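Walk through this structure with me, one element at a time. We start from a single residue and work outwards.

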Amino acid sequence: MKWNIQKRLLVLVLAAGILSFLTLSGLSFYGMSIVRNELKSLGNDLGAAGASLTQSLIESQIKRTLVEVAKARSEFIRHETDLISDDVKIMSRMMSRIAMNPNNYKPIKLLDPRFDKVKHFQPYIIYSPDTYANGMSPEKLSADLRREIEINANINTTLYSISKTFEGFNSSFYVGSSKGYFICISLYPETNGALEFDNNELYGYDCRERPWYKTAINATKPVFSDLYTNFDDDGYQIISCSMPYYDANGVAGVVGLDVANSDIYSAITETSIGEHGFSFVINDKGKVIFSSRKDGDLSTQQTDSDLRNSVEGTLATAAKKMVAGEHGILPVIVDGEQYLLAFAPVENTGWSFGTLALHNDIVAAAEDGKSYFLKQIDGFNSRLQKEFFLFTFISALIFIGLLYVLFPASNNLAHRFVKPINELSDGVREITNGNFDKKLEIQTGDEIQHLAICFNAMTDELKTQMANLTKATAEKERIATELNVAKDIQNGMLPKDFPNRDDVELLATMTPAKEVGGDFYDFYFIDETHLAITVADVSGKGISAALFMVIAKTILNNFAVSTLNRDGLAEVVAATNDKLCANNDAMMFVTVFIGVLDLETGEFIYVNGGHNPPVIYHAEENRCDFLDVKKNFVLGPMDGIPFVEQRVTFKPGDLIFMYTDGVTEALNVKDEEYLPDRLIAFMNKTDCRVDLHELLKNVRADVAAHVGEAEQSDDITMFALRFKGKAN
Amino acid sequence: MEIKKEQNGSALTIHVIGRLDAGSAPDLSKELTTALDGVTDLTFDFAELKYIASAGLRVLLVAQKRMNKQGSMKLIHVSEAVMEVLDMTGFASLMTIE
């Protein structure tokens, strides 16, 4: 399919626009893709690195936190136990002061729960079981001992003031003498102040058998006893701290307190890292004395065994380090689960605080961190992806918009571009239809306008040419018409009325060629017995030849008629020549054969002015030959030249055949002439005695046979005269 | 008809080839009007001239008339057929034929 210019332009403009847009888009898309991939891989690398960094950071952070927590909590526990041991120290010092200086104190009688109702904050006394052995009773004690007890009862104020600081908690503050009596303040907030004692407590309680007594009796500083089994109703663990006191004789007993320290407890139970984290405290024997774990390994439920001997090697190792008072962090396995244990010693107590975080929690936290990081990266990637798609989408939108705008714009542009061309072709079509007055009005200022201008110029030229052509054609037609008229005139000038006489017979024919030529023949009577005959051929063709022929014929006729008898035929021809020469710059000339026949005698006087020699038929001999002619010059070019006249006498039956070169020079298709030789040969062959019409027809037929298909190139004139002689 | 010219200074030789008839005579005539300027020695070489018609003779006459004024003119290598015409028309006695 062939496209017109508009369509091509449209496609060209569209293609150019779209191609450049696509190229730019492609480039930016490519660039975006590179950036996106780079960013993506960068993000992924960064994410992976960041995630692993985060993971290790979180792990190390958790470890550090664990260690810090262990340290801080152990410090806190130490601080709390210090407070307790300070109380115990105060109690020991006060008790020692009283025991060493009994005279400084007045005896005080304490409440005896056997008889008295005892409330909290009220000191009371319990006697040792041996006091009741062997019929003994407290009332039967020696006076010294009674006095000692009553003096020592002065500790009550100290106990009271210390007990006040523990108001609201289950706690006891007491003094156990080596002599077996036991002075105490007990706080049981839940009993609303009133204390209840069973018999075992009243009569079977020997303080010297209690662990707090035994462990402290030989100590020099406060000792925390293993009162770990003492859970109160609130579930608080009870801490026992005790130390000896002295009298003048040395160690006289042990002072101590049992307190439920909620701060310590919460320091332990509320210290946990991670969802499954927990904390515990072991003592210097490797036993778990506090734990926020209710059961399983490291709970206080399994405190009978030394943790250092645990079947779980990691726990045993850790316990050894803890008991040895070291700081550290170790992976351990608790109940088959991996934990991370951080521990720190609690100074002054021989305890060690340990806090654990489930390894999986750490891993999970690290994983959380990692996945958070990766999520951020993913978010970044997806944002990037979104932006990328947005960019592609917008590009596509722009592309569609571009198409939407570009197509009509291109169409318009192409239409505008092609419009003058269409106008041009319309205009040219109109011009083609013959409207040469059409002017192309195209003002585009470009090549098309130039083309239009050229078309206009061409139209003008065409118009002029057409006008000229019309004029020339008209002129030619006019000339042709005139030539035809001239031909008719010329033909009309040739005499057609051949005389029907007994003494002479004559016939002439002139077959003109296409163009008007210069042949002519003539005959006229000079007088009653003299007949003049002429055959002539004017050089060239056309109007000039025709005109010259007319002149030549007229002059020759005039001179012949007027001066023949006086001057003779040669003079007639010479005079005619002179006349023709005048003003003959064109050098026209005419060949003339002119003869005058004396019809009575048969004498024939003739002058040949450059003309073809006629054929003469001798009737007696029945033979033809060329008439002997002098070679006089043609008429017209040269004046004053002489002409020679000749004469011959015809016998009756003789015939003269005159012709122009149209006969002898008639051409066939091979450009071969008929030639005089063929003429004379034919004349000798044919019967020259036949009727002149027949004779001329025969000659013409022979010429025609020679010429064949070739076009007649010259006038063919034949003129025959037969002398018959005087009719007698 | 074909015309070939050989100019040698003021001498000009014109070869007329083919038929010098009423149709072609004007061509030669036209050629001569300019070609004869300054020529003092004009030669027509008729070696290849097959035929001469009366119109051709007229051209020769015009040339002869002009050369009578400015120099000389001659015809060479005239064929028998042409010579016959020249003879018949009396041109032979008027012109220099070699």
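**Starting from one tyrosine**

A:Tyr606 sits in strand β16 of chain A, which covers residues 603–609. The model is predicted. Is A:Tyr606 buried or exposed? The cut-off for a buried residue is 20 or more other C-beta atoms within 10 Å. A:Tyr606 has 24 of them within 10 Å, so A:Tyr606 is buried.

Which residues does A:Tyr606 contact beyond its neighbours within four places in sequence? They are A:Phe593, A:Ile594, A:Gly595, A:Glu645 and A:Gln646. A:Thr534 is 72 residues away from A:Tyr606 in sequence. In space, their C-alpha atoms are 9.5 Å apart.

**The hairpin**

A:Thr534 leads to β14(A), the strand of residues 530–538. Strand β14(A) pairs with β13(A) in the antiparallel sense, over 7 bridges. The two strands form a hairpin, with 4 residues between them. Within this pairing, A:Val535 of β14(A) stands opposite A:Tyr521. Strand β13(A) spans residues 519–525. Of its 7 residues, 5 are buried, so β13(A) is largely enclosed by the rest of the structure.

**One sheet and its core**

Now take the sheet that holds β20(A) and β21(A). What is its strand order? The order is β12-β21-β20-β17-β18 in chain A. This is an open sheet of 5 strands with antiparallel pairing. Strands β12 (504–511) and β18 (623–626) of chain A each have a single partner strand and stand at the edges, so one side of each has no neighbour in the sheet. On average, neighbouring strands are turned by 15 degrees against each other, direction ignored.

Look inside the sheet. Strand β20 (residues 655–659) and strand β21 (residues 716–723) of chain A run antiparallel and are joined by 5 bridges. A:Ala720 in β21(A) stands opposite A:Phe657.

Two helices pack here. Helix α13 of chain A, residues 676–685, touches β17 (615–618), β18 and β20 of chain A. The direction of α13 makes about 160 degrees with that of β18(A). Helix α14 of chain A, residues 692–707, touches β12 and β21 of chain A. The direction of α14 makes about 145 degrees with that of β21(A).

A:Phe657 and A:Ala720 also belong to the largest nonpolar core, which has 101 residues. They are among the residues that touch the most other members, together with A:Ala552, A:Val573, A:Val590 and A:Ile594. A:Ile594 is also one of the contacts of A:Tyr606. Setting aside neighbours within four places in sequence, A:Ala720 contacts A:Leu506, A:Leu507, A:Leu655, A:Phe657, A:Leu692, A:Leu695 and A:Leu696. A second, separate core has 86 residues, including A:Ile77, A:Met95, A:Val332 and A:Ala366.

**Another sheet in chain A**

A:Val332 falls within β9 (328–334) of chain A, an edge strand of another sheet. This open sheet has 5 strands in the order β8-β7-β11-β10-β9 in chain A, and the pairing is antiparallel. Why is one side of β8 (288–291) and of β9 left without a neighbour in the sheet? Both strands stand at the edges, and each has a single partner strand. Neighbouring strands in this sheet are turned by 30 degrees against each other on average, direction ignored.

Strand β10 (residues 337–346) and strand β11 (residues 351–358) of chain A pair over 8 bridges, in the antiparallel sense. A:Tyr339 has A:Leu358 in β11(A) as its bridge partner.

Helix α1 of chain A, residues 5–100, lies across β7 (278–282), β9, β10 and β11 of chain A. It runs at about 40 degrees to β10(A). Helix α7 of chain A, residues 313–323, also lies across β7, β9, β10 and β11 of chain A. Its angle to β9(A) is about 145 degrees.

**Chain B and the contact**

Chain B has 98 residues, and 42% of them are buried. It has 4 helices and 6 strands. Along the sequence, the pattern is β-β-α-β-β-α-β-α-α-β. Among contacts in chain B with a separation of 6 or more, 70% join residues 24 or more positions apart.

How many residues does each chain give to the contact? Chain A gives 16 residues and chain B gives 15. The side of chain A that touches chain B has 6 nonpolar, 6 polar and 4 charged residues.

How confident is the prediction? The mean pLDDT of chain B is 89, and 100% of its residues reach 70 or more. The model scores ipTM 0.87 and pTM 0.49.

Notes: Residues are numbered from 1 along each chain as its sequence is written. Chains are lettered from A and ligands numbered from 1 in the order in which they are written. This is a predicted model: local features need pLDDT of at least 70, side-chain atom pairs count only at pLDDT 80 or more; totals for chains, interfaces and linings use all residues. pLDDT is the predictor's confidence in each residue, from 0 to 100. A residue is buried if 20 or more other C-beta atoms lie within 10 Å of its own, exposed if 12 or fewer, and partly exposed in between; C-beta atoms are placed from the backbone. Two residues are in contact if their C-beta atoms, placed from the backbone, lie within 7 Å. Ala, Val, Leu, Ile, Met, Phe, Trp, Tyr, Cys and Pro count as nonpolar, Asp, Glu, Lys and Arg as charged, and the others, Gly among them, as polar. Two strands pair if DSSP finds at least two bridges between them. Axes are lines fitted to C-alpha atoms, for helices over the stretch in contact, and angles run from 0 to 180 degrees between N-to-C directions. A nonpolar core is a set of buried Ala, Val, Leu, Ile, Met, Phe, Trp, Tyr and Cys residues joined through C-beta atoms within 7 Å.
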